[in-house]
Amino acid sequence: MAMLQSSVSPPSSFSYGFTYDVFLSFRGIDTRYGFTGNLYSDLCKKGIHTFFDDRELQGGDEITSSLFKVIEESRIFIPVLSINYASSSFCLDELVHIIHCFKENRRLVLPIFYDVEPSHVRHHKGSYGKALDDHIERFQNNKHSMDRLQKWKMALTQTANFSGHQINPRNGYECEFIEKIVKYISNKINHVPLHVADYPVGVESRVLKVNSLMDVGSNGEAQNERIPIKNITEILKISFDALDDALDDGLDALDDALDDGLDALEDKCLIM
């Protein structure tokens with residue numbers, strides 16, 4: 001899986017209507033006191049308001065309505081998919097609701113494949129396949145539980161299809177991976193959208209066409225560079241120059257029309 005190119009953040013998450021900038025979903029026994037704990041610490045140091053849940057320590061099989069609410073009020077989701085992630089029904093229920101928020105509200109999901117192969121998550125193999133088999137055995141064909149299991153599988157597959165970071169703790173310094181992730185998230189948080197008219201006419205189809213040229217996926221990231229970004233930049237510059245020239249011509253024509261109109265009005269006043 002390709003690595004994404006990604007200071008206290010001046011615009012807080014509250015200005016965007018979110019309680020948290022980032023929601024971390026992780027398996028505590030794998031990464032709480034290591035990778036995820038360090039990622040949480042560095043995000044907080046950068047002023048990125050992050051939810052780090054310790055409820056898993058308290059036990060329980062299902063997440064609470066209050067945690068659902070926290071997920072819904074978070075702007076960016078980082079599921080840390082580690083070896084034992086799928087063995088936790090708690091984590092899997094979190095992931096299902098994260099995917100729901102992605103589908104309903106186009107929230108950003110940035111998966112971290114920590115010491116696991118993305119293909120194992122996508123196709124439910126390795127530790128993920130074993131964990132799901134254990135859940136099947138535990139559910140013993142209970143219809144409600146089997147429906148829940150199907151949602152887990154779909155959520156895992158969907159998550160594995162997002163662009164994210166694959167991290168092998170035996171290959172490189174974790175602090176370097178964390179630095180890249182924090183920088184990427186910080187850039188997302190700091191990005192202030194340009195103002196667009198409330199009801200722009202005829203714009204949506206053209207935006208979709210430009211996005212298709214850059215092959216921008218549903219998660220807001222460029223999946224395949226059909227046209228290199230640097231070329232897109234040059235195209236936009238040329239288009240801007242052309243529009244600028246056209247605007248100048250239009251303003252000149254408007255000035256001429258106003259001058260003609262004022263002259264005519266002045267002549268009329270003199271006659272009166």
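Buried here means under 20% relative accessible area. The close-ups below come from a predicted model.

**View 1. Asp 93 and Arg 148 form a buried salt bridge between two helices.** At 10% relative accessibility, Arg 148 falls under the 20% limit and so counts as buried. Asp 93 is buried too, with a relative accessible area of 11%. The closest N and O atoms of the pair are 2.7 Å apart. Asp 93 belongs to helix α4 and Arg 148 to helix α7, so the bridge ties together parts that are 55 residues apart in sequence. The structure holds 5 salt bridges.

**View 2. Arg 170 and Asp 115 pair across two loops.** Their side chains meet in a salt bridge, 2.7 Å from N to O. Arg 170 sits in the loop between β6 (165-167) and α8. Asp 115 sits in the loop between β5 (112-114) and α5 (118-123). The two residues are 55 apart, and the pair links distant parts of the chain. Arg 170 is exposed, with a relative accessible area of 63%. Asp 115 counts as partly exposed, at 25%.

**View 3. Glu 174 is buried without a salt bridge.** Glu 174 is found in helix α8, which spans residues 174-190. The nearest side chain of opposite charge belongs to Arg 170, 8.5 Å away. A salt bridge requires a nitrogen-to-oxygen distance within 4 Å, so Glu 174 and Arg 170 do not form one. Leaving aside neighbours within four places in sequence, Glu 174 is in contact with Phe 35, Tyr 114 and Pro 169.

**View 4. Helix α2 carries several buried residues.** The helix covers residues 35-45. Phe 35, Thr 36, Gly 37, Leu 39 and Leu 43 are buried in it. Phe 35 is also a contact of Glu 174. Gly 47 follows α2. The phi of Gly 47 is positive, near 80 degrees.

**View 5. The largest nonpolar core has 33 residues.** Phe 23, Val 121 and Tyr 128 touch the most other members. Two or more residues come from each of β1 (20-26), α3 (65-72), β3 (74-81), α4 (89-105), α6 (126-139) and α7 (143-160). Helix α4 gives the most, with 8 residues. Apart from this core lies another, of 23 residues. Its members include Val 22, Phe 35, Ile 48 and Ile 181. In soluble globular proteins, nonpolar side chains tend to be buried together.

**View 6. Tyr 128 and its contacts.** Neighbours within four places in sequence are left aside. Tyr 128 is then in contact with Leu 81, Ser 82, Ile 83, Tyr 85 and Ala 86, among others. Val 116, His 120, Val 121 and Leu 156 are also among the contacts of Tyr 128.

**View 7. Asp 134 and Lys 130 form a salt bridge within helix α6.** The side chains meet at 3.2 Å, N to O. The two residues are 4 apart in the helix, so about one helical turn separates them. An α-helix has 3.6 residues a turn, so residues three or four places apart point the same way. Asp 134 is partly exposed, with a relative accessible area of 38%. Lys 130 counts as exposed, at 54%. Lys 130 and Ser 87 are 43 residues apart in sequence. In space, their C-alpha atoms lie 8.4 Å apart.

Methods
Residues are numbered from 1 along each chain as its sequence is written. This is a predicted model: local features need pLDDT of at least 70, side-chain atom pairs count only at pLDDT 80 or more; totals for chains, interfaces and linings use all residues. Side-chain values use heavy atoms; hydrogens and water are left out. Buried means under 20% relative accessible area, exposed over 50%, partly exposed in between (1.4 Å probe, protein chains only). Lys and Arg count as positive and Asp and Glu as negative; His and the chain ends are not counted. Contact means heavy atoms within 4.5 Å. A nonpolar core is a set of buried Ala, Val, Leu, Ile, Met, Phe, Trp, Tyr and Cys residues joined through side-chain atoms within 4.5 Å.
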